[in-house]
Number of protein chains: 2
Amino acid sequence: MPITVLLVDDEPLVRAGLRAVLEAQPDIEVAGEAADGAAVIPLVRQLRPDVVAMDVRMPLMDGIEATRAVLRTVDDPPKILVVTTFENDEYVYEALRAGADGFLLKRARPAEIVHAVRLVAEGESLLFPAAVRSLAAEYGNSAARTAMERAALTEREAAVLRLMARGLSNSEIAAQLFVGTETVKTHVSAVLAKLGARDRTQAVIAAYESGFVAPA
Amino acid sequence: MPITVLLVDDEPLVRAGLRAVLEAQPDIEVAGEAADGAAVIPLVRQLRPDVVAMDVRMPLMDGIEATRAVLRTVDDPPKILVVTTFENDEYVYEALRAGADGFLLKRARPAEIVHAVRLVAEGESLLFPAAVRSLAAEYGNSAARTAMERAALTEREAAVLRLMARGLSNSEIAAQLFVGTETVKTHVSAVLAKLGARDRTQAVIAAYESGFVAPA
DNA sequence: TGACGGTTCCCCCTCACGGGGGAGACGGTC
DNA sequence: GACCGTCTCCCCCGTGAGGGGGAACCGTCA
């Protein structure tokens, strides 16, 4: 029998995208959709999906509260796959602490999305960002890796570095993280100091060389 | 004949969503997709779409620059529909100033999305407030590679880019190549223009993503 | 209670960066 | 000869980046 999935996202476009990607698979079936966390519980009770693909950032009730609510009030709850746009979204960590089984980046390729759904359906839990990071680091060169490990970046600094490595300016990073540009500058300075980099270009190079971010 | 649309968004999920929504209409046809602004111009020339649905926030070349580039370099250009998550996204206003014909919120309902495409295709421009979102780069993004291939850097420009990708400043590159810093600046500007990069950091990212330089 | 690290934001300051021009020298091609 | 691309260098100019301070809030932990 197919894996049944409930899609929860406030953007119809994202729901349509997930539906298109998942329904192309013979073993996966989209059982229903919801536009907000508040609608999830009755739908889960009614449809009893195997997996809930849940956006973290939603109006009214976000993915964290919705995750908690589902796990608390439903017997034999579905696996919860948290969907997010940003790496290192602190909402994701909260959702994982709340009991979600894995997370999924919206920029993932269709094949990766399908893979993630199958994995959580089978009871595997997807790697935490930290695990992914250390895994990736094993493939980097050891000098850069140890530099990066010694760096011991905070969550916020790591998030800023990731966005730097995507070519974003300080003000763009600020918009992404919902903070002021002065705050971003503080984090950027901390990253540069910890990595021994003179400017953001050198920091991005270090990120690539250490495997902190990976090319194609 | 159907309205042909080119989708430009860095998130595969959003592209899939737009495609699903638009292709459900008999009079609309998705001619192609691109993950980054840098890939838009050749695709527009090749496919000659009626409408380009373009995300504003993209790595390497954002929707604003891409809009400018298309309008400047293509004869009989397509209508450009800017796609965004946030209302009041200053990027959207910039894109409209750059010559975009309308904008569209990602959280719009499918019917509204279809309506917007039909309207701009007919030559109407729509300017009601709304928004979308999206960001992030597709791993293994072919846009960077093709951008690099199309770039056709001269020997000198390639040499400068290699040194940029080692973290050298303009004056250090100048010393390394035994030329003046003004000369280096000229080459750097040429590299940025050819790669569609906004600054040296984005150029270095493109160099890594395209395999022009490889991590250790 | 107090210390501390992390996050947020503010000030002032300097300067390398990158865009906009222009220009001369060289070598090929038509 | 005229033309074009490449490489070299020059000017002015605005701004984003980054350093050096300081400060407030919060949770943790001793």
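How many helices and strands make up the secondary structure of chain A? In this predicted model, chain A has eleven helices and five strands. The chain is 216 residues long, and 50% of them count as buried. Among the contacts in chain A with a separation of 6 or more, 64% join residues that are 24 or more positions apart.

The next point is the surface near each DNA strand. Around DNA strand D there are 18 residues, and the closest come from chains A and B: D199(A), T154(B), R156(B), V179(B) and G180(B). Four elements give two or more residues each to this surface. From chain A these are α9 (170-177) and α10 (181-195), and from chain B they are α7 (155-164) and α9 (181-195). The largest share, four residues, comes from α10(A). By class, the surface near DNA strand D holds seven charged, eight polar and three nonpolar residues.

DNA strand C is likewise surrounded by 18 residues. The closest here are T154(A) and V179(A) from chain A, with S169(B), N170(B) and D199(B) from chain B. The elements that supply two or more residues are α8 (155-164) and α10 of chain A, along with α8 (170-177) and α9 of chain B. Which element gives the most to the surface near DNA strand C? That element is α9(B), with four residues. The surface near DNA strand C divides into three nonpolar, eight polar and seven charged residues.

Key. Residues numbered from 1 in each chain as written. Chains lettered and ligands numbered in written order. Predicted model: local features only at pLDDT ≥ 70, side-chain atom pairs only at ≥ 80, totals over all residues. Buried ≥ 20, exposed ≤ 12 C-beta atoms within 10 Å, placed from the backbone. Contact = placed C-beta atoms within 7 Å. Near = placed C-beta within 6 Å. Nonpolar A, V, L, I, M, F, W, Y, C, P; charged D, E, K, R; others polar.
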